[in-house]
Amino acid sequence: MMRPILIALIAACLLNFSPICRAAYAAEPEVVDGVAAVVNGDVITFSQVRGLVGPREKLLRAQFSGDELITKVKEARQAALQDLIDRQLIIQAFKKENYQIPDHFVEERVHDIVRTDFGGDRNTFIKTLEAQKFSMGEFKKMETEKMIVQAMRSKNVKLNTVASPVKVEEYYKAHPDEFTSKAQVKVRLIMIPSHASDGNAAAQKAMADEIFGKLVNGAEFERMAQLYSEDSTREKGGDWGWVERKTLAEPLEKAAFSLEPGKISHVIEFAGNYYILKVEDKHGGDTKSLADARPDIEKKLIQQEAQQLQEKWLTSLRSKAYIKTF
């Protein structure tokens, strides 16, 4: 008979299970198979690894290529193998404690999946399993193992539900960037090339100064940019939109972020060109107070503690196990 503590844990965990694990069914069938690892006599196959990592690999193949793709796929498969090893260790620990999952827990789980994902149509559910080459027995085994893993994690990773106020304050002071919104300015820009190689630098500088004078006297910046600027945004009236720091070259950035909305910079000479900027608006750069940031920090600290406790528990399981990878 299953121990009462595990019954309660499993019942609670059932409320948090996600819908049917589509990722397990998304991987394409593999013809080649073999032993990827042995965990205390239990075998993990390469097809299991590929089944787990399949969706992740699809994303990687869309994002990378060549040697970088090979490296990323290798890392993803190694991580998937480690997850499967840890999963097997947890299941073995469950069995060692002589715990059991009552059949009606699994049946209730299947019933919930049929109701939630298939509108209560059990025939469609069974056909879906058959199309993915899963038997009902295999599916129930997978769901049982999910319950075991979740229940054992809940039993062995005891969490504090409240973060220490001292640690919250320390985290806030050590990570100011996390709580400061990115400063942005809405900029228009006029660029006049110096043509120094043609000996026209003085004339071009005079033109830039003349444009600046017109702007000071009320000329519309957008119109001046369309008439004189040789920047790529000329047709848009020099509109660069909202920009963050590190977007513009350093002298231009310095001017843009020091100007108040509605103000125009003096002529700035940089890299053989003359620039005039107008800041139309700005926002960001504000830092949350500790009181406002506290809920997010507490949540993060609790999550970090959970990860550390789980890793400590898994490390203990690994240290007592015979594990061989291939």
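**Figure 1. Salt bridges across the predicted model.** A search of the whole structure, which is a predicted model, finds 20 salt bridges. Side chains of opposite charge can pair when their charged atoms come close. The next three views each take up one of these pairs.

**Figure 2. Glu 145 and Arg 87 meet in a salt bridge.** Here the side chains of the two residues come together with an N to O distance of 3.9 Å. The partners belong to distant parts of the chain: Arg 87 sits in helix H4 (residues 66–96) and Glu 145 in helix H7, 58 residues apart. Glu 145 is buried, since its relative accessible area is 17% and the limit for that class is under 20%. Arg 87, at 27%, is partly exposed.

**Figure 3. A salt bridge within helix H7 joins Lys 146 and Glu 143.** The N to O distance in this pair is 2.8 Å. Lys 146 and Glu 143 are 3 residues apart in the helix, which means that about one helical turn separates them. An α-helix has 3.6 residues a turn, so residues three or four places apart point the same way. Both Lys 146 and Glu 143 are buried.

**Figure 4. Glu 244 and Lys 182 form a salt bridge.** The closest N and O atoms of the pair are 3.8 Å apart. Because Glu 244 lies in strand E4 and Lys 182 in the loop between H8 and E3, the bridge ties together parts that are 62 residues apart in sequence. Glu 244 counts as partly exposed, with 29% relative accessibility, whereas Lys 182 is exposed at 59%. Elsewhere, Lys 186, Arg 188, Glu 222 and Glu 280 are joined into one network by salt bridges that share partners.

**Figure 5. Four strands make an open sheet.** Follow the strands in the order E4-E3-E6-E5; their pairing is antiparallel. Strand E4 (239–244) and strand E5 (268–270) stand at the edges with a single partner strand each, so one side of each has no neighbour in the sheet. From one strand to the next, the twist averages 40°. At the E5 edge, 3 bridges join E5 to strand E6 (residues 273–283), and the two run antiparallel. Look for Glu 269, which stands opposite Tyr 274 in E6.

**Figure 6. Helices H9 and H10 pack on the sheet.** Helix H9 (residues 201–216) touches strand E3 (184–193) and E6, and its direction makes about 30° with that of E6. Helix H10 (residues 221–228) also touches E3 and E6; the direction of H10 makes about 35° with that of E3.

**Figure 7. Helix H5 spans the expected length.** The 15 residues of H5 (residues 103–117) should span 21 Å at 1.5 Å a residue, and the end C-alpha atoms are indeed 21 Å apart, so the two values agree. Buried residues in H5 are Phe 105, Val 106, Arg 109, Val 110, Ile 113 and Val 114. Just after the helix, Gly 119 takes a positive phi of about 60°.

**Figure 8. Thr 161 lies in a loop between two helices.** The loop runs between helix H7 (136–156) and helix H8 (165–174). Thr 161 is exposed, because its relative accessible area of 72% falls in the class over 50%. Its C-alpha atom is separated by 9.1 Å from that of Glu 298, although Thr 161 and Glu 298 are 137 residues apart along the chain.

Notes: Residues are numbered from 1 along each chain as its sequence is written. This is a predicted model: local features need pLDDT of at least 70, side-chain atom pairs count only at pLDDT 80 or more; totals for chains, interfaces and linings use all residues. Side-chain values use heavy atoms; hydrogens and water are left out. The expected span of a helix is 1.5 Å times one less than its number of residues. Buried means under 20% relative accessible area, exposed over 50%, partly exposed in between (1.4 Å probe, protein chains only). Two strands pair if DSSP finds at least two bridges between them. Axes are lines fitted to C-alpha atoms, for helices over the stretch in contact, and angles run from 0 to 180 degrees between N-to-C directions. Contact means heavy atoms within 4.5 Å. A salt bridge is a side-chain nitrogen of Lys or Arg within 4 Å of a carboxyl oxygen of Asp or Glu.
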